[in-house]
Amino acid sequence: MSNKTISIGIVCYRNFEHLYDALESIFAQDYEQIELIISDDGSDVFPQALIEQYIREHKRENILSVVVNHEEKNLGTVRHLNRVIDLASGYYLMFLAADDALNGTDALSRYVRGFEEEGHEDCYIEIAQTAMYDETLTRLDNYYFAPSVRRLVDAKDYKGLRNVLLYSACLPSTSFCFKRAFFEKYGKYDESYFLVEDVPLHIKIAELEIPIFYNSFVALKHRGGGISHGAVKALSETKKKYLFDSIRLHENYKKITDPGLYHHAKIVNRFGAHYSVTTLRGSGIKLGSVPYHGIHIQEKNINRLFVTMNITQQTGVYGFVATALLFALSSGSTALLNTIGIILTPGAERVFLIILSLLQLISIPVAVVGALGYIFLKFMYRPVMARLIPEEK
């Protein structure tokens, strides 16, 4: 077993409900050289004494050192993670959100073995799989790291990886493990962003063709409800900063492929409307063969106009409209044939055909309304909004 220390930094802000679960998952690890860092990003009330007491009472001998840090003011996710990098002294480093948990008892050992025993000594970054759970961490919903993206990583197809990153946060930052030397050589997280730390770093990794080793095991259980996919407990100001980071991503990388989404984001930025943002992770929405996570924006009180929009990339608005209209035509034709059958068919079978015909007739306006709705969103809504609120030059 290696004698190199791994630092694991638990980052938290105002939410300590599940912190002790995260701690227990670390105390259960069998790796013998662990530095534990708990860093709070300027919460109004931080129970530091209680946390330190809990660690003293429950930690094992493999926890070689403990750092409990409380920032006096909120730095934001990006600067806060950089602060944890400065606090860490281990040869390896990984981050853990206060509401997540390591999986099993050997997650840290497997990371270290991956770096040292499997011929990846020159690799600075190791990725494992992240299991996506519900808010109670009891129901497994899916696994984050998709096979198509894993193949790009394994093949060292950095151009392909960058192209996917421009559409989707496809790498599981929650289960990244670094050699600390990575940050010394390539720099820390980009502090021009406030909350979005992962995508700019991942794009830089792809552009610089920095090797990534994928170690095929589930390292982490990720609890649903964070700012990037649900934001159950996120504050509106936090969501606002998350949206502004998305605008910056678009400006820096042209990441947001839907210009309408960018326009709506700028409206919110300019007029300070109330809104909520939800990234639809794992929604199955695709752009061609590339996974894409749409963003749902609700805007209120814009020039006394109440608007609710769900802007998502689909395989093509024309394809959807054509499919809906063909469905309506097919349903209408089938209903006509059933009507003829009703006239010619006696008894109980007639009742069945009547019910079937009614259901098909109901489906026709539903399909037509869906098609017209997509036409409205595509060709009418955005020009109207552009006239109401001219885009900034």
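Here is a walk through a few corners of this structure, strand by strand and side chain by side chain. Keep in mind that what you're looking at is a predicted model.

Let's start with strand E6, which covers residues 125-133. How many of its nine residues are buried? The count is nine of nine, so E6 is mostly covered, going by the cut-off of under 20% relative accessible area for a buried residue. E6 also has several strand partners to look at. With strand E9 (residues 212-222), E6 runs parallel, and seven bridges join the two. If you want a spot to find that pairing on screen, look for Glu126, which stands opposite Phe213 in E9. With strand E8 (residues 176-179), E6 pairs in the antiparallel sense, over three bridges. Here the place to look is Ile125, standing opposite Phe178 in E8.

Then there's strand E7 (residues 140-143), which runs antiparallel to E6 and is joined to E6 by three bridges. Met132 is a handy marker for this one, as Met132 stands opposite Asn142 in E7. E6 and E7 make a hairpin, with six residues between the two strands. In the turn of that hairpin you'll find Leu137, which has a positive phi of about 60°.

Now hop over to strand E4, residues 92-97, and pick out Ala97. Is Ala97 buried or partly exposed? Its relative accessible area is 27%, so Ala97 counts as partly exposed. Which residues does Ala97 touch, once its neighbours within four places in sequence are set aside? Ala97 is in contact with Ile10, Val11 and Ala22. Gly9 is another one to find: Gly9 and Ala97 are 88 residues apart along the chain, yet their C-alpha atoms are separated by 8.3 Å.

Next up are the aromatic rings. A pair of aromatic rings is described by the distance of the centres and the angle of the planes. The structure holds 14 aromatic pairs. Take Tyr91 and Tyr92: their ring centres are 4.9 Å apart and their planes sit at 85°, so this pair is edge-to-face. What about exposure for these two? Tyr91 has 37% relative accessibility and counts as partly exposed, whereas Tyr92 is buried, with a relative accessible area of 1%. Phe182 and Phe183 also form an edge-to-face pair, with 5.1 Å from centre to centre and 85° between the planes. Phe182 is buried at 0% relative accessible area, and Phe183 is buried too, at 6%.

That phenylalanine pair belongs to a bigger picture. Ring pairs link Phe182 and Phe183 into a cluster with Phe95, Tyr124, Phe176, Phe178, Tyr186 and Tyr189. You've met Phe178 already, as the residue in E8 opposite Ile125. And before leaving the rings, go back to Tyr91 for a moment: Lys4 lies over the face of Tyr91, at 4.2 Å from the ring centre.

Last stop: the salt bridges. The structure holds nine of them. One is between Asp44 and Arg14, whose closest N and O atoms are 3.3 Å apart. This pair links distant parts of the chain, 30 residues apart: Asp44 is in the loop between strand E2 (34-40) and helix H2 (48-58), and Arg14 is in the loop between strand E1 (6-12) and helix H1 (19-27). Asp44 is exposed, at 64% relative accessibility, while Arg14 is partly exposed at 42%.

Another salt bridge joins Arg83 to Glu71, with 2.9 Å between the closest N and O atoms. Arg83 sits in helix H3 (residues 77-87), and Glu71 in the loop between strand E3 (63-70) and H3, 12 residues apart. Arg83 is partly exposed, with a relative accessible area of 31%, but Glu71 is buried at 12%.

Arg162 and Glu207 meet in a salt bridge as well, at 2.8 Å from N to O. Arg162 belongs to helix H6 (residues 158-165) and Glu207 to helix H8 (residues 198-207), so this pair ties together parts that are 45 residues apart in sequence. Both ends are partly exposed: Arg162 has a relative accessible area of 24%, and Glu207 one of 43%. Finally, look for Asp134, Arg139 and Asp141, which are joined into one network by salt bridges that share partners.

Terms used. Residues numbered from 1 in each chain as written. Predicted model: local features only at pLDDT ≥ 70, side-chain atom pairs only at ≥ 80, totals over all residues. Heavy atoms only, no water. Helix = DSSP H or I, 4+ residues; strand = E, 2+ residues; numbered from the N terminus. Buried < 20%, exposed > 50% of the residue type's maximum accessible area, 1.4 Å probe, protein only. Contact = heavy atoms within 4.5 Å. Phe/Tyr/Trp six-rings, centres within 6.5 Å; stacked < 30°, edge-to-face > 60°. Lys NZ or Arg CZ within 6 Å of the ring centre and 35° of its normal. Salt bridge = Lys/Arg side-chain N within 4 Å of Asp/Glu carboxyl O. Pairing = 2+ DSSP bridges.
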